[in-house]
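Hi there,

Here is the structure I promised to pass on to you. Have a look at it first, and then read my notes below.

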Amino acid sequence: MAPHRSGTGNSPHRSGTGTSPHRSGTGTGTGTGTGTGPLRSGAANRTARELPVWPLRAMFVFYPLWWVLGLAPFAGLIFALPMVANLVRRGRVAVPRGFGIWLLFLLAMIIAGSQLDSVPRLVGLLFRLAAYASATVIFVYVYNCSSRRLPVGTAVGFLVAFWIWVVIGGYLGVLFPEGSIATPMEKVMPASIAANELVSELVHPKFAEVQHPWGAAEPFVRPSAPFPYTNAWGSHYALLLPLVLLFMRIQGTIRQGVLLGLLATASLIPAFATLNRGMLLAVAFALAYAALRYAAKGHFKGLVAMVAAGVVGVTVAYLTGVADGITSRTSVSGSNDDRVGIYLEAFERTLESPILGYGAPRPSATIGVSVGTQGQFWNVMFSYGFPALLLFTLFLAGLAWRTRKLPLELVWLHVVPVMAVFMMFYYGLDSTQLVVIFMAAALGLRHLRDLRRQDQPEVRA
């Protein structure tokens with residue numbers, strides 16, 4: 001405490017006589033008071049260096065606005081721009097260990113663009129590259145936001161708000177399966193571009209996928225809003241659900257916890273309506289993995305909570321007949337055989353261009369889907385080659401591995417990247433899913449970094 005005591009001498013941070021410019025009393029200094037000038041100045045400097053959190057809040061909390069405007073597919077890129085500006089303005093950007101692997105992956109992805117053979121595929125590559133780049137910026141931004149300005153609870157709260165909008169969108173699909181929105185983006189976009197099937201699905205979003213497979217007694221109504229595809233709804237729901245549990249654990253009040261618990265139970269209706277096996281597998285995997293982590297640490301309450309959540313899910317699934325619905329859909333769609341076939345074709349064709357891949361998915365030679373669209377693992381392998389696949393997998397697995405030492409209180413920040421490694425074999429993760437994964441990992445890595453520095457990281461807002 002010596003630097004802040006009163007007395008005589010030449011200490012620059014105390015009151016008395018001498019030549020210090022920051023003291024109270026006589027001499028040449030310009031400051032007055034009781035010696036708190038440097039503290040206030042330091043606090044002011046820290047505040048000036050803090051990164052604002054409004055881009056993250058605007059992106060997730062106001063996501064429905066971007067959706068109805070037709071800007072949702074570009075929201076990550078839109079809000080990454082002010083994040084870059086803020087990072088540049090502040091300077092001294094920190095990145096976690098292993099980040100260079102991810103940069104090498106992005107470079108490999110760009111080089112693989114040399115294999116493209118058409119303008120539409122080039123547009124597709126640029127769209128994916130923009131999604132990866134925006135997720136990268138958000139990852140670095142969250143990692144560099146101090147826990148004072150962006151506590152874990154606040155950041156997770158933004159994602160919980162996003163999850164609530166996902167659930168509401170699911171109910172839109174259940175209640176109004178034929179509904180859709182004509183967005184302003186669709187109206188201002190050139191007709192030649194808006195006519196593209198992918199672009200049309202992005203700027204004229206539908207509430208659900210209504211599928212009419214041959215041999216089905218009735219169409220399958222599978223909610224998708226606020227995303228173009230049901231699988232995107234399922235992957236977002238699965239990745240966000242652990243963060244809802246985390247928010248209830250560390251941030252929410254009792255009332256908020258009860259409301260979120262009720263909403264989580266109600267969310268099972270649109271979730272099961274998707275008939276999405278991958279989503280159910282991912283959620284079951286997350287609960288089982290978390291239960292093992294709790295059991296390994298002797299945390300009985302956490303273990304019981306995971307078992308209880310599983311029991312609730314299985315009970316609702318039984319009451320709603322979701323198993324019968326999935327069986328009925330797969331029996332007439334042949335999706336199991338199609339997936340195995342498309343995976344084999346992706347691997348065999350990548351062997352013909354193993355270093356650079358093909359730059360983008362290509363039509364299948366056997367079934368009516370594109371090779372490289374049925375899972376992130378296969379997309380990266382087929383589109384960008386085996387070296388890019390190695391880099392992508394190393395980085396994603398590295399996030400899961402390096403967050404394993406998080407305290408149990410924050411275990412869900414570790415569970416999310418672990419889930420991503422599991423899900424990448426059958427789900428695409430190159431849109432907002434990657435942002436969710438990267439945010440969870442960045443929060444976890446930042447917490448571990450601050451613990452190493454003994455900075456007492458803030459968890460609750």
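Let me start with one arginine: Arg339 sits in helix H17, which covers residues 335–350. Please keep in mind throughout that this is a predicted model. Is Arg339 buried or exposed? With a relative accessible area of 18%, Arg339 is buried, because the cut-off for that class is under 20%. Its side chain makes a polar contact of 2.8 Å with the side chain of Tyr343. Leaving aside residues up to four places away in sequence, Arg339 touches Asn231, Gln374 and Tyr426.

**Two enclosed helices**

Next, please find helix H20, residues 411–423. At 1.5 Å a residue, its 13 residues should span 18 Å, and the end C-alpha atoms are indeed 18 Å apart. How many of its residues are buried? The count is 11 of the 13, so H20 is largely enclosed by the rest of the structure. Among the buried residues are Trp412, His414, Pro417, Met419 and Met423. The cover over the buried residues of H20 includes helix H7 (152–175), H11, H14, H15, helix H19 (386–402) and H21.

Helix H21, residues 432–452, can be described in a similar way. For its 21 residues the expected span is 30 Å, and the distance between its end C-alpha atoms, 30 Å, agrees. Of those 21 residues, 19 are buried, so H21 too is largely enclosed by the rest of the structure. Just after H21 comes Gln454, with a positive phi of about 55 degrees.

**A cavity**

What does a search of the whole structure find in the way of cavities of 30 Å³ or more? There is one, and the space in this largest cavity is about 40 Å³. The elements that give two or more residues to its lining are H11, H14 and H20. H11 gives the most, with four residues. The lining consists of Ala238, Leu241, Pro242, Leu245, Val283, Ala286, Leu287, Trp412 and Met419. By class, that makes nine nonpolar residues, no polar ones and no charged ones.

One of these lining residues, Ala238, is a good place to zoom in. Ala238 lies in helix H11 and is buried, with a relative accessible area of 1%. Its C-alpha atom is separated by 8.6 Å from that of Ala286, although the two residues are 48 residues apart along the chain. Not counting residues up to four places away in sequence, Ala238 touches Met279, Ala282, Val283, Met419 and Met423. Of these, Met419 and Met423 are among the buried residues of H20.

**A pocket**

You may also like to look at the second largest pocket, which has a volume of about 930 Å³. Which residues are closest to its centre? Among the 36 residues that line this pocket, they are Leu241, Leu245, Leu287, Ala309 and Gly310. Leu241, Leu245 and Leu287 also line the largest cavity. Helices H11 (230–250), H12 (254–266), H13 (268–273), H14 (277–296) and H15 (300–320) each supply at least two residues of the pocket lining. H15 gives the most, with 11 residues. By class, the lining of this pocket has 24 nonpolar, 10 polar and two charged residues.

**Backbone details**

Finally, here are some spots in the loops. A cis peptide bond, with omega at about 10 degrees, joins Ala225 and Pro226. Pro226 is placed in the loop between strand S2 (220–223) and H11.

Arg92 has a positive phi, near 50 degrees, in a residue other than glycine. Where is Arg92? The residue lies in the loop between helix H4 (75–90) and helix H5 (99–112). At 61% relative accessibility, Arg92 counts as exposed.

Leu275 also has a positive phi, near 55 degrees, in a residue other than glycine. This leucine lies in the loop between H13 and H14. Is Leu275 buried or exposed? Its relative accessibility is 11%, so Leu275 counts as buried, whereas Arg92 is exposed.

If you open the model with these notes beside you, I suggest beginning with Arg339 in H17 and then moving on to Ala238 in H11.

Enjoy exploring, and best wishes!

Technical notes
Residues numbered from 1 in each chain as written. Predicted model: local features only at pLDDT ≥ 70, side-chain atom pairs only at ≥ 80, totals over all residues. Heavy atoms only, no water. 1 Å grid on protein atoms, 1.4 Å probe; cavity = no way out; pocket = protein on both sides within 12 Å on 5 of 7 lines; lining within 4 Å. Points joined across faces, edges and corners; volume = space filled by probe spheres on them. Nonpolar A, V, L, I, M, F, W, Y, C, P; charged D, E, K, R; others polar. Expected span 1.5 Å × (residues − 1). Buried < 20%, exposed > 50% of the residue type's maximum accessible area, 1.4 Å probe, protein only. Polar contact = N/O pair within 3.5 Å; in protein donor to acceptor, adjacent residues only side chain to side chain. Contact = heavy atoms within 4.5 Å.
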